[in-house]
Amino acid sequence: MKTQVAIIGGGPSGLLLSQLLNRQGIETVVIERASRTHVLSRIRAGIVEWGAVELLRAAGVGARMDAEGIPHDGCVLSDNDLQVRIDFEALTGRAVMVYGQTEITADLYAAQDAMGTPMFHGASDVVIDDLGSALSTVSFTHAGLRKTVTCSFVAGCDGFHGVSRRTIPQEKRREFERVYPFGWLGVLSHTPPVHDELVYANSDRGFALASMRHASLSRYYLQVPLTDNVEDWSDAAFWGELKQRLPSDIAARLVTGPSIEKSIAPLRSFVSEPLRWGNLFLAGDAAHIVPPTGAKGLNLAASDIHYLSQALIDKLKSDTSAGIGAYSERALKRIWKAMRFSWQMTMLLHRFDGEDAFSAQMRRASLMHLSDSETARRELAENYVGLPY
Ligand code: FAD
Ligand code: DHB
């Protein structure tokens, strides 16, 4: 089988890239390890930056997001009962959109089906070859048969555990990593959100986040030790702990109910450089991971795809190589700024086991500074709504 761009991974990065390229008449093949049902059952990000909102619209998949998503023009940060509202709209003129990653992925699958893009789900043993030649290959097993796709370029959109990054020789990769000593326990429930904006709450008992998907679907997270398992947390224990970590006036309005999803994700910062190796280009979680505190994971995947799609369109439609030559450097510039913001938000809002009293005071002082300084709030808002592409 022959195509122009073979895309490994059918998550948001891979599907969005395929969609943007197909709309310019460029052929793609998407090779995904999991079933479509599995991909669509993963509950992940919920906040879409304005740049990503515009990119999804430009990709022709904005209609349901615009109809069902909820624009948010602010959020609340708290430390016990000290609350600071960050007014995105007043500080930056922009807002973010509450719209789940699961919905974005479903919209992209529908659009790709309409385009008739060849998509292989349940692909295993993916091997990428000939990255230094004019034509590269991606081989994989699908429905018991070994298949090979010949292509001009390979997009590695297969997440942190995928094969693409590891195809780049180890001595050619530079990896940067910070692993945080806690995870986030997430719960989804058919209950009205506790507040009409997101609440990022630090407390003496650790961090909690109150988020949502829509008016009757809430998403909450608790900072938990890495040694905890989902089975350790009954619904009652989760709600009890959440109530103690949110500011008391907000906690008083908490409506609880049965959880419909519960999972623990570890927190990590990770970057692998460069993003290009011959004809292979990495994008999204295949190249980098951020801790979720700044809501940047999905949004960084979108900005990578913006740069990569433009570069590939320039190359394949106008035979201009400047974009593909500059892709790694361009994308990494924005990636590192989002790394910094996600790390800073993580340090600002979490309690670290064994920390001294001084550390807690520094976090509280940072929040007091945010409360008193419009400049500090603007800096946070500018990063949260998303730096320009
Ligand atoms: P992925 O979504 O990981 O997609 C990669 C795809 O590649 C997957 O479908 C996978 O099945 C496939 N794949 C993997 N290996 C192979 C292979 N060998 N061959 C073929 N296909 C392969 N971000 C936030 O902003 N907020 C959150 O609350 C949040 N929560 C998260 C919770 C979890 C558990 C995880 C893992 C991530 C979370 N993120 C969150 C991050 C965000 O979801 C990711 O940044 C986003 O999914 C990146 O999209 P992607 O397409 O690059 O990678
Ligand atoms: C959600 C997740 C985040 O990591 C975040 O910062 C904000 C919202 C969410 O799943 O709704």
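**Figure 1. Helix 13 of the predicted model, residues 374-385**. Helix 13 comprises 12 residues, and the separation between its first and last C-alpha atoms is 16 Å, close to the 16 Å expected at 1.5 Å a residue. The buried residues of helix 13 are Arg377, Leu380, Ala381, Asn383, Tyr384 and Val385. These buried residues pack against several elements, including helix 3 (50-58), strand 6 (82-87) and helix 5 (88-92). Strand 7 (96-98), helix 11 (322-349) and helix 12 (357-372) are also among the packing partners of the buried residues of helix 13. Just after the helix, glycine 386 adopts a positive phi of about 110 degrees.

**Figure 2. Glutamate 379 within helix 13**. Glutamate 379 has 15 other C-beta atoms within 10 Å and is therefore partly exposed, a residue being counted as buried at 20 or more and as exposed at 12 or fewer. The C-alpha atom of glutamate 379 is separated by 38 Å from that of glutamate 32, and the two residues are 347 residues apart along the chain.

**Figure 3. The surroundings of ligand 1**. Ligand 1 is surrounded by 32 residues, of which the closest are Gly9, Gly11, Gly159, Gly284 and Gly297. By class, the shell around ligand 1 consists of 15 nonpolar, 11 polar and six charged residues. At least two residues of this shell come from helix 1 (12-22), and at least two from helix 10 (297-318).

**Figure 4. The surroundings of ligand 2**. The shell around ligand 2 is formed by Ala45, Gly46, Ile47, Leu198, Ser211, Arg219, Pro292, Thr293 and Ala295. Five of these residues are nonpolar, three are polar and one is charged.

**Figure 5. The region annotated as FAD-binding, residues 2-342**. The UniProt record, an unreviewed entry, assigns the feature "domain: FAD-binding" to residues 2-342. Over this stretch the chain is 33% helix and 33% strand. The end C-alpha atoms of residues 2-342 lie 40 Å apart.

**Figure 6. The largest nonpolar core and alanine 283**. The largest nonpolar core contains 106 residues, and Ala155 and Ala283 have the most contacts inside it. Nonpolar side chains tend to be buried together in soluble globular proteins. Leaving aside residues up to four places away in sequence, alanine 283 touches Ser13, Leu17, Ala155, Gly156, Cys157, Ala301, Asp304, Ile305 and Leu308.

**Figure 7. Helix 10 and aspartate 319**. The end C-alpha atoms of helix 10 are 31 Å apart, in agreement with the 32 Å that its 22 residues should span at 1.5 Å a residue. Because 16 of its 22 residues are buried, helix 10 is largely enclosed by the rest of the structure. Aspartate 319 follows just after helix 10 and is placed in the loop between helix 10 and helix 11. The phi of aspartate 319 is near 50 degrees, a positive value in a residue other than glycine. Aspartate 319 has 7 other C-beta atoms within 10 Å and is therefore exposed.

**Figure 8. Backbone geometry at aspartate 125 and proline 274**. Most residues other than glycine have a negative phi, and most peptide bonds are trans. Aspartate 125, in strand 9 (residues 124-129), has a positive phi near 50 degrees. With 11 C-beta neighbours inside 10 Å, aspartate 125 counts as exposed. The peptide bond from glutamate 273 to proline 274 is cis, and its omega is near -5 degrees. Proline 274 belongs to the loop between strand 17 (259-273) and strand 18 (276-277).

**Figure 9. Phenylalanine 238 in helix 8, residues 235-245**. Phenylalanine 238 is buried because 20 other C-beta atoms lie within 10 Å, and 20 or more are required for that class. Apart from residues up to four places away in sequence, phenylalanine 238 touches Val187, Leu222, Trp233 and Ser259. From C-alpha to C-alpha, phenylalanine 238 and threonine 346 are 21 Å apart in space, with their positions 108 residues apart in sequence.

**Figure 10. Alanine 114 in helix 6, residues 101-115**. Alanine 114 counts as exposed, with 11 C-beta neighbours inside 10 Å. The C-alpha atoms of alanine 114 and asparagine 80 are 49 Å apart in space, whereas the two residues are 34 residues apart in sequence.

Definitions and conventions:
Residues numbered from 1 in each chain as written. Chains lettered and ligands numbered in written order. Predicted model: local features only at pLDDT ≥ 70, side-chain atom pairs only at ≥ 80, totals over all residues. Near = placed C-beta within 6 Å. Nonpolar A, V, L, I, M, F, W, Y, C, P; charged D, E, K, R; others polar. Helix = DSSP H or I, 4+ residues; strand = E, 2+ residues; numbered from the N terminus. Expected span 1.5 Å × (residues − 1). Contact = placed C-beta atoms within 7 Å. UniProt positions renumbered as here; feature names shortened; annotations may be inferred. Core = buried A, V, L, I, M, F, W, Y, C linked by C-beta atoms within 7 Å.
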